[in-house]
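Student: Could you take me closely through one part of this model, and then show me how the rest is arranged around it? I am new to this structure, so please explain each term when you use it.

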Amino acid sequence: MHPVKRLCPNYDPRPALNRYLAIVPAHNEAGAITSTVAEIHTFAPDFDVLVVDDGSTDATASRAEAAGAQVVCLPFNLGIGGAVQTGYVYAQEHGYQVAVQIDGDGQHDPRYIPDLLHRLQSEERLNMVTGSRFLESHTDGHRSSAPRRVGITIFARLVSMITRRRVTDPTSGLRMTNRVGIELFARDYPHDYPEVEAILMMHAHRLESCEIPVRMRPRTSGVSAISSTQPVYYMVKVLLAVFIGLFRSHPTVEPGDTPISAEHAL
Amino acid sequence: MAHQRIIAIAISAGLLLLILELVRRKRLMERYALLWLVSTLVLLVLSVWSGLLSSLASALGISYPPSALFAVAFGVVLILLVHFSLAVSRLSDQNKVLAQRLGILQRRVHEQNEHLERLSKRVGIGPGLESDEPAPYTERLTRTS
């Protein structure tokens, strides 16, 4: 039984006008959200924009709405995993065929959305395309601070080893999924720091993902979700989740599958 | 002595495996598993390396090593309890916010339904009152509450 379906059994989703959705998680990003939404409208006019306001205490929601986005306001901060999954549940219920995650802080350049879409649709077997900062050796983009790059490299090695595919940027939140990926993430998405685990989930469910090179920008406002005290927790939590994920059974996901809750999985 | 040590190792290892299995089944979130994993690992190390407890006790000035174990265990349990109190406080606060939001939303839906009914009565079309269709879910929710 799907939690959202259980809440509203007579729920009749509006038919999606566009088949594509841009999911923009935003927590106190009033300074950057207007330009992010405007850029998505400019560079990817086929995409509906859904801003998931993750319990912001500033004007993020009203500015997003004024910029022409659909806005879902979470009553309190769920963290990036919960916010992004809200977007996937929305995409699943409204019948979107493709969903792309774009951070609300302006680090992700919406110019790459058409490239991601082109790559996703170029091969039928592909279920997810991630924008990687490290795939090409251009050095002018923003590639995170040195200590973070060490962590990213460790995760990249680990994920590449497990999936037996070259993964250069497993922590990138700029990624696009097709309908199968939407169904999977609407059903199950990692809680804290979800990006690395999400790639491994795709792999474990026998879904294909790949990367294309992108350049990212330094954030224009707000603060990172990963503060200075948390990198240790980040590393340990993700390593534990990756390790335990190896021992989970993962059925293949098909569109229209009945979602499984934690109780049913036992 | 060797016999007791094997039992101690088996219990600590079993506890460690239990925590890992609960995380695997998604019954326990990683966030809450980490503290348990650290404590069971400490237990495991203490039971494997039995000399450690004695040296730890003498370093702390405790003549009876099991007392040192109790002191450490008490400290760990205290930290776990504070951790859970924090988690419960956060959950009750979030629960309160959810209940408030739901109540306000119910009220808003109720108002909009009444508004719709008035409008359709005035115009004589739209979702008629004699309709065989069941009332929308949100309306039933408001009526039963």
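Tutor: Let us start where helix 3 of chain B ends, since G61(B) follows that helix and has a positive phi, near 80°. Helices here are DSSP runs of H or I with at least four residues, strands are runs of E with at least two, and both are numbered from the N terminus. Residues are numbered from 1 along each chain as its sequence is written, while chains are lettered from A and ligands numbered from 1 in the order in which they are written. Please keep in mind that this is a predicted model, in which local features need pLDDT of at least 70 and side-chain atom pairs count only at pLDDT 80 or more, whereas totals for chains, interfaces and linings use all residues.

Helix 3 of chain B spans residues 50–60, and because zero of its 11 residues are buried, it lies largely in the open. A residue counts as buried if 20 or more other C-beta atoms, placed from the backbone, lie within 10 Å of its own, as exposed if 12 or fewer do, and as partly exposed in between. Chain B around this helix has five helices and zero strands, which gives the pattern α-α-α-α-α along the sequence. Buried residues make up 6% of its 145 residues, and 49% of its contacts between residues at least 6 apart in sequence join residues at least 24 apart. Two residues are in contact if their C-beta atoms, placed from the backbone, lie within 7 Å.

From chain B we can step across to chain A, where helix 9 (residues 231–245) packs on helix 2 (residues 30–48) of chain B at an angle of about 95°, with the axes 10 Å apart. Helix 9 of chain A is therefore roughly perpendicular to helix 2 of chain B, a word used for angles of 65 to 115 degrees, with under 35 counting as roughly parallel, over 145 as roughly antiparallel and the rest as oblique. On one side V236(A), K237(A), L240(A) and A241(A) take part, and on the other E30(B), R31(B) and L34(B). By class, four of these residues are nonpolar, none is polar and three are charged, where Ala, Val, Leu, Ile, Met, Phe, Trp, Tyr, Cys and Pro count as nonpolar, Asp, Glu, Lys and Arg as charged, and the others, Gly among them, as polar. The axes are lines fitted to C-alpha atoms, for helices over the stretch in contact, and the angles run from 0 to 180 degrees between N-to-C directions.

Helix 9 of chain A leads us to helix 8 of chain A, whose buried residues pack against strand 5, helix 6, helix 7 (179–187), strand 7 and helix 9 of chain A. Helix 8 of chain A is mostly covered, with nine of its 10 residues buried, and R206(A), which follows it, has a positive phi, near 60°. Helix 6 (residues 146–163) and helix 8 (residues 195–204) of chain A pack at about 5°, with axes 10 Å apart, and are therefore roughly parallel to each other. F155(A), V159(A), I162(A) and T163(A) of helix 6 meet V196(A), I199(A), L200(A) and H203(A) of helix 8 in chain A, a contact with six nonpolar, two polar and no charged residues.

Chain A has nine helices and seven strands, and 42% of its 266 residues are buried. An open sheet of seven strands in chain A runs in the order 3-2-1-4-6-5-7 with mixed pairing; strands pair if DSSP finds at least two bridges between them. Strand 3 (70–74) and strand 7 (208–213) of chain A stand at the edges with a single partner strand each, so one side of each lacks a neighbour in the sheet. Strand 5 (residues 126–132) and strand 6 (residues 175–178) of chain A run antiparallel and are joined by three bridges, and M128(A) has T177(A) as its bridge partner in strand 6 of chain A.

Confidence deserves a last look: pLDDT is the predictor's confidence in each residue, from 0 to 100. Its mean for chain A is 84, with 82% of the residues reaching 70 or more. Within chain A, it is lowest in helix 1 (residues 3–7), at a mean of 42, and highest in strand 4 (residues 98–101), at 96.
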